[in-house]
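Let's take a stroll through a protein together, one stop at a time. Have the picture open and follow along as we go.

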Amino acid sequence: MSTSGTGTYAVCWNSSTYELMAPSSSRRYKENIRPFLSGLDYVLKMNPVTFTYIERPEDTKPIPGLIAEDLDEIGLTELVNYNNDNLPESINYDKISVVLINAVKELDGEIKKSLAKLEALESAA
C-alpha cells in the first residue's frame with residue numbers, strides 16, 4: 001500500500017512477520033471482503049483476567065487483559081498473532097471491537113424481540 005498527500009498514519013508492529021505496517025481502513029486497499037459474523041457467543045467465552053509480566057517483576061500493578069492461548073482455544077484465531085512455532089504469542093486488541101460490535105447487534109436484536117413480545121402481551125391483556 002502506498003499513500004500520498006498529507007495526513008496522520010498509525011504505524012503498527014506485526015510481531016508475526018516482524019514488519020512495520022500502516023494499516024488502512026479504506027475499501028480501496030482491501031479484497032475478499034466478507035461479513036465477520038463472530039459475536040456474542042465468543043464474547044461470552046472470553047475470560048478477562050488481570051496479570052503482571054514475568055519479565056517485569058518491578059511492575060506490580062495488575063494489567064487487565066486476555067490470554068492469547070484462551071482466544072486461540074475458543075476459535076478466535078483472527079485476533080491472535082502466532083510465533084514461528086505457531087504458538088499463540090499476542091492479541092490484536094484493536095480488532096476485538098469488531099467482535100464486540102457484533103455482540104451489541106445480537107443483544108439489540110434480542111432486546112427488540114423481547115420488547116415486541118412484551119408489547120403483544122400488554123395488548124392482549
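Which residues form a nonpolar patch on the surface? The patch is made of Leu107, Ile111, Leu115 and Leu118, and together they offer about 350 Å² of accessible area. Before we look closer, keep in mind that this is a predicted model. One member of the patch, leucine 107, is found in helix α3, which covers residues 96-124. Leucine 107 has 42% relative accessibility, so it counts as partly exposed, because that label covers values between 20% and 50%.

Now zoom out for a moment. The protein chain has 3 helices and 6 strands. If you read along the sequence, they come in the pattern β-β-α-β-β-α-β-β-α. Of the chain's 125 residues, 19% count as buried.

Back to helix α3, this time for its charged residues. Lysine 112 and aspartate 108 both sit in this helix, 4 residues apart, which is about one turn. Their side chains form a salt bridge, with the closest N and O atoms 3.0 Å apart. Lysine 112 is exposed, because its relative accessible area is 53%, while aspartate 108, at 34%, counts as partly exposed.

Helix α3 also holds glutamate 110 and lysine 113, which are 3 residues apart, again about one turn of the helix. These two form a salt bridge as well, and here the closest N and O atoms are 3.3 Å apart. Glutamate 110 is partly exposed at 43% relative accessibility, and lysine 113 is partly exposed too, with 49%.

How many salt bridges does a search of the whole structure find? The count is 3. Besides the pairs we just met, there is one between the side chains of aspartate 94 and lysine 95, at 3.8 Å from N to O. Aspartate 94 has 52% relative accessibility, so it counts as exposed. Lysine 95, at 40%, counts as partly exposed.

Next stop: the aromatic rings. The structure has 1 aromatic pair. Phenylalanine 51 and tyrosine 53 make up that pair, and they meet edge-to-face, with 5.2 Å from centre to centre and 80° between the planes. Why is the arrangement called edge-to-face? It gets that name because planes over 60 degrees apart count as edge-to-face. Tyrosine 53 is partly exposed, at 41% relative accessibility.

Tyrosine 53 has another partner: the charged end of arginine 56 sits over its ring, 4.4 Å from the ring's centre. You'll find a similar setup at tyrosine 42, where the charged end of lysine 45 sits over the ring, 5.7 Å from its centre.

Let's move on to leucine 44, which lies in helix α1. Is leucine 44 buried or exposed? Its relative accessible area is 65%, so leucine 44 is exposed. Along the chain, leucine 44 and alanine 103 are 59 residues apart, yet their C-alpha atoms are separated by 9.3 Å.

Our last stop is a loop, the one between β2 (19-21) and α1 (40-45), where you can find serine 26. This serine is buried, because its relative accessible area is 18% and buried means under 20%. A polar atom of the side chain of serine 26 lies 3.1 Å from the backbone nitrogen of arginine 28.

Methods. Residues are numbered from 1 along each chain as its sequence is written. This is a predicted model: local features need pLDDT of at least 70, side-chain atom pairs count only at pLDDT 80 or more; totals for chains, interfaces and linings use all residues. Side-chain values use heavy atoms; hydrogens and water are left out. Patches are made of residues with over 30% relative accessible area and no salt bridge: like charges are joined within 9 Å, nonpolar side chains (Val, Leu, Ile, Met, Phe, Trp, Tyr) within 5 Å. Accessible areas come from the Shrake-Rupley method with a 1.4 Å probe; for residues, only the protein chains shown count as cover. A salt bridge is a side-chain nitrogen of Lys or Arg within 4 Å of a carboxyl oxygen of Asp or Glu. Helices (H or I, at least four residues) and strands (E, at least two) are DSSP runs, numbered from the N terminus. Buried means under 20% relative accessible area, exposed over 50%, partly exposed in between (1.4 Å probe, protein chains only). A polar contact is a pair of N or O atoms within 3.5 Å; within protein, one must be able to donate a hydrogen and the other to accept it, and residues adjacent in sequence count only if both atoms are side-chain atoms. Rings of Phe, Tyr and Trp (its six-membered ring) pair if their centres lie within 6.5 Å; planes under 30 degrees apart count as stacked, over 60 as edge-to-face and the rest as tilted. A charge sits over a ring if NZ of Lys or CZ of Arg is within 6 Å of the ring centre and within 35 degrees of the ring normal.
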